[in-house]
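The following exercises concern a predicted model. Please consult the sequence and the coordinates while working through each solution.

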Amino acid sequence: MVRRDAMVTSPCQRCAVGPGFLSGSAPGCGTVEKSRRDSYNYNREHTRPAQGSEPLSSVEHQTGTSGLVYWNQRESVYSQKFEETDQSLSMRMLGFPSRNPRVFTEIQAGEQKEQISMSETDQTLIETRFLRLIKRGRWEFVQRANASGVVCLFPLTRDYRVILVEQFRPPVNSPVIEFPAGLAGDIAGQEDELLETAALRELEEETGYAAGRIMSLGSTVSSAGLTDEAVHFFLALDLEQVAEGGGDESENITVHSVPFAEVEDWLKAAEARGCLLDARIYAGLYFLSKHVPTTT
């Protein structure tokens, strides 16, 4: 890890302003403007490598700025001296004495945070009909291969009943209580399907309800360490039952209509009989609570 304190600073001979200038604890140098950019220039002009340091390799900004990496034998740490720095720019270490290159991102005035080096292109390791395994740098994650988006709906009837669905999920080998959800763009010939259109379709397919009003609530990542999938939320209000629901021919979905005031106890009972709860249940109940009278 590169340490900022490996740089020994000496004060400016003209104004005797020391390194405290960078943190705002010392008065400004009259020859340097009091701006963040010029404080970096100050750091450049008024710092020197610690005694006993030997240059090891060059350092190059992604913007082309260069400098040297030093090894301080006395303190056993690495230090750097740059010709110029900019806040929040990445620096790639070229020839750094390690098997793997690292990327150092400047956080504040010379403080670095080590990050995994990422390759510029993704590598597809495996692709099936529905999924794609991607390698990006040292990270492997999953993408959906057959859809353009994912939607999830939070349905509420006019008499304040929450519509939930239950279905068996093979990856967890258990039935799961969820809000109705599905894919957009997964039907042949409808690859450009709008998210709102997919949401209305999935609501009717899975629950048998049609929404009089639908509101977009934004999106969230579903599992950022596993997949790049983002799920878009919709609020479905003024529901009218138009079919039985239960999903398409590949699904076996049970529809539950639960009074909002009783939903917490109902979910506990579902867990007691062996169901798992999808995490989006709690997000949905939060949004639905804004549309339910407090006396309900």
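**Exercise 1: The two faces of a helix**

Task. Determine which exposed residues lie on the face of H3 turned away from its buried side, and establish how the buried residues of H3 are arranged about its axis.

Solution.
1. The face of H3 opposite its buried side carries Glu-264, Asp-265 and Ala-272, which are exposed.
2. Helix H3 comprises residues 263-272, and Val-263, Leu-267 and Ala-270 are buried in it.
3. Viewed down the axis of H3, these buried residues fall within an arc of 55°, so they line one face of the helix.
4. As background, an α-helix has 3.6 residues a turn, so residues three or four places apart point the same way.
5. The cover over the buried residues of H3 includes strands S13, S14 (174-178), S18 (254-259) and S19 (276-277), together with helix H4 (280-289).
6. Just after H3, Gly-274 adopts a positive phi of about 105°.

**Exercise 2: A threonine in a loop**

Task. Decide whether Thr-157 counts as buried or exposed, and describe its surroundings.

Solution.
1. Thr-157 is located in the loop that joins strand S12 (149-155) to strand S13 (161-169).
2. Its relative accessibility is 8%; because buried means under 20%, Thr-157 counts as buried.
3. A polar atom of the Thr-157 side chain lies 2.9 Å from the backbone nitrogen of Arg-161.
4. Setting aside neighbours within four places in sequence, Thr-157 contacts Ile-163, Tyr-209 and Leu-239.

**Exercise 3: Cysteines**

Task. State how many disulfides are counted.

Solution.
1. With a sulfur–sulfur cut-off of 2.5 Å, the count is 0 disulfides.
2. Cys-152 is buried at a relative accessible area of 1%, and Cys-275 is buried at 4%.

Note on methods
Residues are numbered from 1 along each chain as its sequence is written. This is a predicted model: local features need pLDDT of at least 70, side-chain atom pairs count only at pLDDT 80 or more; totals for chains, interfaces and linings use all residues. Side-chain values use heavy atoms; hydrogens and water are left out. Helices (H or I, at least four residues) and strands (E, at least two) are DSSP runs, numbered from the N terminus. Buried means under 20% relative accessible area, exposed over 50%, partly exposed in between (1.4 Å probe, protein chains only). A polar contact is a pair of N or O atoms within 3.5 Å; within protein, one must be able to donate a hydrogen and the other to accept it, and residues adjacent in sequence count only if both atoms are side-chain atoms. Contact means heavy atoms within 4.5 Å. The arc is that of the directions from the helix axis to the C-beta atoms.
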